[in-house]
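Work through the exercises below with the sequence and the structure at hand. Each task is followed by a solution in steps.

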Amino acid sequence: AKKRRKLGVALVGLGYYSTDLLAPALQLTQHCELKAIVTGSPEKIPIWQTKYGIQDKNVYNYQNMHTMADNDAIDVVYIVLPPALHAKYSIIAANAGKHVWCEKPMEISAKKCQSIIDACAKNNVKLSIGYRMHHEPNTQKLMHWAKTTPYGKINHVYAEAGYFESRISHWKQIKELGGGAMYDMGVYPLNAIRYTKAMEPIAVRAKHQTTRPEIYHEVDETTLFDFKFEDGSTASGKTSFGENINNLEADCNSGNYYLRPFQSYTGVSGASSDGTVLNAFQGNQQAKQMDTDALAILQNKEVLVPGIEGLKDIAIVEQIYKSANNNGEWIT
Ligand code: NDP
């Protein structure tokens, strides 16, 4: 059979991220093509078909998406649903023989994350997690510095990410769907601490706060967390649906550096204490991410962000919630 040059991508869940970021970014990719949609909202179908030329045979809903097993136009299924639905639909996609791209947070428990990894392994399909910062050049520089430590031992990492969430009855406020600031925005500072230090925490403690208890009683509005590492270094993080924050700093023996903002779609930039400037990447983050993930499939190489990376964060998120529910005690 003739080898297709571009991979056919199906977007699952046509909400904000699919509509505003991923679909436009797919138009900028070299190795991907938006071929299919999976949606539970019939009114969205004609809009997407017209805008992106999606054929009738490539339109699915959540009940029939398993039948894409016999649709050769689809190579990759990108899960862009509320977090607690990621495992269910990633597994359906893997069982249909499709490669899986799964948005962050990977799921709401390490166990559910593992179920996605297992389904992809069993079906011999690749799994990538949508941690777009891993594809961003300045972030990659910090990951490199974690290993080479050009400013000496990294003694403390601080990371915070949040925004003012004005919606009050979205899945982000519903526990059952994977709501809560720690799952949604918290994985950014958590993941950033892990890649900036290139080490796993040996102890975790956390606490929740809210200024809007009438809204944030079921899930956390703001979460603060602290880590200890085996080399004696520490980290602290913050995430919030109540304020706009976006900062990553590393304090080292002989200097320091930062990215500010560190996780926005554009403008991720920073500097270090010796005057090194980290200028913002000018390309489209999501297009770069999807092309890199597509090449891993086309060339049968290791993906940049495998399932285990998402699982490691969620295992720590579980410890964070456990600590916060136990008066902030250290969990080891
Ligand atoms: P939205 O709420 O805007 O969209 C989610 C979509 O999921 C809905 O529009 C709907 O699509 C579908 N859906 C299916 N079942 C449900 C349900 N029970 N409740 C609500 N929606 C449902 O969310 P986002 O697009 O903001 O987020 C989706 C995922 O993408 C999350 O995991 C989020 O963390 C991640 N994300 C990642 C970003 C990144 O930078 N990597 C940025 C933003 C989000 P339909 O009507 O088509 O069925």
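**Exercise 1.** Is the crossing of α1 and α8 left-handed or right-handed?

Solution. The model is predicted: local features need pLDDT of at least 70, side-chain atom pairs count only at pLDDT 80 or more, and totals for chains, interfaces and linings use all residues. Residues are numbered from 1 along each chain as its sequence is written, and side-chain values use heavy atoms, with hydrogens and water left out.

Step 1. Locate the helices: α1 covers residues 16–26 and α8 covers residues 285–298. Helices (H or I, at least four residues) and strands (E, at least two) are DSSP runs numbered from the N terminus.

Step 2. Take the geometry. The two helices pack at about 65°, and their axes are 8 Å apart. Axes are lines fitted to C-alpha atoms, for helices over the stretch in contact, and angles run from 0 to 180 degrees between N-to-C directions.

Step 3. Assign the hand. The crossing of α1 and α8 is right-handed; the term applies if the near helix is turned clockwise from the far one by less than a right angle, and left-handed if anticlockwise.

Step 4. List the contact (heavy atoms within 4.5 Å). From α1 come Y17, L21, L22, A25 and L26, and from α8 come Q286, A287 and M290. Seven of these residues are nonpolar, one is polar and none is charged, where Ala, Val, Leu, Ile, Met, Phe, Trp, Tyr, Cys and Pro count as nonpolar, Asp, Glu, Lys and Arg as charged, and the others, Gly among them, as polar.

**Exercise 2.** Describe the interface of domain 1 and domain 2.

Solution. Step 1. Domain 1 is 7–130 + 286–305 and domain 2 is 133–281, with bounds from an automatic or database domain assignment. Their centres, taken over C-alpha atoms, are 26 Å apart.

Step 2. Contacts involve 18 residues of domain 1 and 14 residues of domain 2.

Step 3. The domains bury about 1400 Å² between them, 66% of it on carbon and sulfur atoms; this is the accessible area (1.4 Å probe) that two parts lose on being put together, summed over both. In domain 1, K104, I108 and K288 lose the most area, together 35% of what that side buries.

Step 4. One salt bridge is found across this interface, the rule being a side-chain nitrogen of Lys or Arg within 4 Å of a carboxyl oxygen of Asp or Glu. D184 and K104 form a salt bridge at 3.4 Å, N to O.

**Exercise 3.** Which residue forms a salt bridge with R194?

Solution. Step 1. The structure holds 12 salt bridges. In one of them R194 pairs with D313, the closest N and O atoms being 2.7 Å apart.

Step 2. R194 lies in α7 (residues 187–197) and D313 in α9 (residues 307–324), so the pair ties together parts 119 residues apart in sequence.
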